[in-house]
Structures are given as structure tokens and as C-alpha cells.
Amino acid sequence: MAELFAYTDGACSGNPGPGGWGVLMLARENGTVIKERTLQGGEAMTTNNRMELLAAISALEALTRPTELTIVTDSAYVKNGITDWIAGWKRKGWRTAGGSPVKNVELWQRLEAAAATHKVTWRWIKGHAGHAENERADELARAGMAPFKASV
């Protein structure tokens, strides 16, 4: 049986500024890639954290049926937010431990909803550390940003 991985990344030129997100989805069987799909997009005025969230959301929303997959991100914000912080935020009415409103709440809600139909393992890796798949996701994010960066 194939294992599915989604390598996600976000990029921003200025923060806020034009941004992009990218996803490299790989199906592997016995360690060999048997299928690859890429996704990318961007916005004219955004933040890096929003792009990181949209990459993960886009990976999950691209799946047409309940799936078991591993999402690999270089964003501690996304990984910690969805695995640790979100339960407390919800208990506190979408407020942080300090009492301020959670930033990007609509994207956190969308991510949680998108993940609910799947069995997701979240994995963090260090960005720009020579992980080939993460570097590809970064290239896709930069490509997603390019049309918006040119118009600024």
C-alpha cells in the first residue's frame, strides 16, 4: 500500500507583503515515488504564517476521499498550532493564553475542518536544511508568489 506525504511551505516577500504557498504531494510504495502532484498559489498582501497555513489547507482540501497521510512542514507555527495549541484556543473562545484573539482564526478553523476527514500525522523539519522535498515545496511557494510580487 502506498504512503502519502504532503510537503508544504509558505513564502513571503516582506511580512506582510506578496506571498505564496506550495505543496509537493508524493505517494511512495516501498520508499519509491509512484505518483507526484504539485500545488501552488499566492496572494498580493499576506503574511508568511498565512501562507504556511494555506499550504497545509490546500494539501488536505485537494484530497477527494478520506486519506491517511503525513504532512511535513518547516513551520513550527502550523505544526504546534494544529497539534497542541488549537484545543486551548477553542476552550478560550479563540483566545491565546495571554487573552488576545488568535491570529488567522478563519484559517485555523479551515485547517481543522480539512484535517477532520483524514488521518493526519504532522511532522516538523528544519527549513532550508537540505531536505529535497522541502526545497521543492519552497520553490513552489516562491513560484506561487511570483505573479503577486511582480505587480507590487
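A residue counts as buried when its relative accessible area is under 20%, and as exposed when that area is over 50%. The model examined here is predicted.

By the first of these cut-offs, 10 of the 14 residues of α1 are buried, so the helix is largely enclosed by the rest of the structure. The buried set consists of Met51, Glu52, Leu53, Leu54, Ala55, Ala56, Ile57, Ser58, Ala59 and Leu60. From its first C-alpha to its last, α1 reaches 20 Å. This span is close to the 20 Å expected at 1.5 Å a residue.

Helix α3 covers residues 105-116, 12 residues in total. Its end-to-end C-alpha distance is 16 Å, close to the expected 16 Å. Leu107, Trp108, Leu111, Ala114 and Ala115 are the buried residues of α3. They span an arc of only 130° around the axis, which puts them on the same side of α3. In an α-helix there are 3.6 residues a turn, so residues three or four places apart point the same way. Ala113 and Ala116 lie on the other side of α3 and are exposed. The buried residues of α3 pack against three elements: α1 (48-61), α2 (76-91) and β5 (119-124).

The two helix partners of α3 were then examined in turn. The axes of α1 and α3 come within 9 Å and cross at roughly 25°. Angles under 35 degrees count as roughly parallel, and α1 and α3 are therefore roughly parallel to each other. The crossing in which α1 passes α3 is left-handed. On the α1 side, the contact is made by Arg50, Leu53, Leu54, Ala56, Ile57, Leu60 and Glu61. On the α3 side, Glu106, Leu107, Trp108, Arg110, Leu111, Ala114 and Ala115 take part.

The packing of α2 on α3 has an angle of about 100°, with the axes 11 Å apart. That makes α2 roughly perpendicular to α3. Helix α2 contributes Tyr77, Val78, Gly81, Ile82, Ile86, Trp89 and Lys90 to this contact. Helix α3 contributes Trp108, Leu111 and Glu112. Trp108 and Leu111 of α3 thus appear in the contact with α1 and again in the contact with α2.

Threonine 8 provides a further link to α1. The residue is in strand β1 (residues 3-12). Its relative accessible area is 0%, so threonine 8 is buried. Neighbours within four places in sequence are left aside in its contact list. Among the contacts of threonine 8 are Glu52, Ala55, Ala56 and Ala59, each of them a buried residue of α1. Gly22, Val23, Ile71, Val72, Thr73, Asp74, Asn134 and Ala137 are also in contact with threonine 8.

Three loop sites have notable backbone values. The peptide bond from asparagine 15 to proline 16 is cis, with omega near 15°. Proline 16 is in the loop between β1 and β2 (17-29). Two asparagines have positive phi. For asparagine 30, in the loop between β2 and β3 (32-46), phi is near 55°. For asparagine 104, in the loop between α2 and α3, phi is near 65°. Their accessibilities fall on opposite sides of the cut-offs: asparagine 30 counts as exposed at 80%, whereas asparagine 104 counts as buried at 14%.

Methods: Residues numbered from 1 in each chain as written. Predicted model: local features only at pLDDT ≥ 70, side-chain atom pairs only at ≥ 80, totals over all residues. Heavy atoms only, no water. Helix = DSSP H or I, 4+ residues; strand = E, 2+ residues; numbered from the N terminus. Expected span 1.5 Å × (residues − 1). Buried < 20%, exposed > 50% of the residue type's maximum accessible area, 1.4 Å probe, protein only. Arc of directions from axis to C-beta. Contact = heavy atoms within 4.5 Å. Axes fitted to C-alpha atoms, helices over the stretch in contact; angles between N-to-C directions. Parallel < 35°, antiparallel > 145°, perpendicular 65-115°, else oblique. Left-handed = near helix turned anticlockwise from the far one by under 90°.
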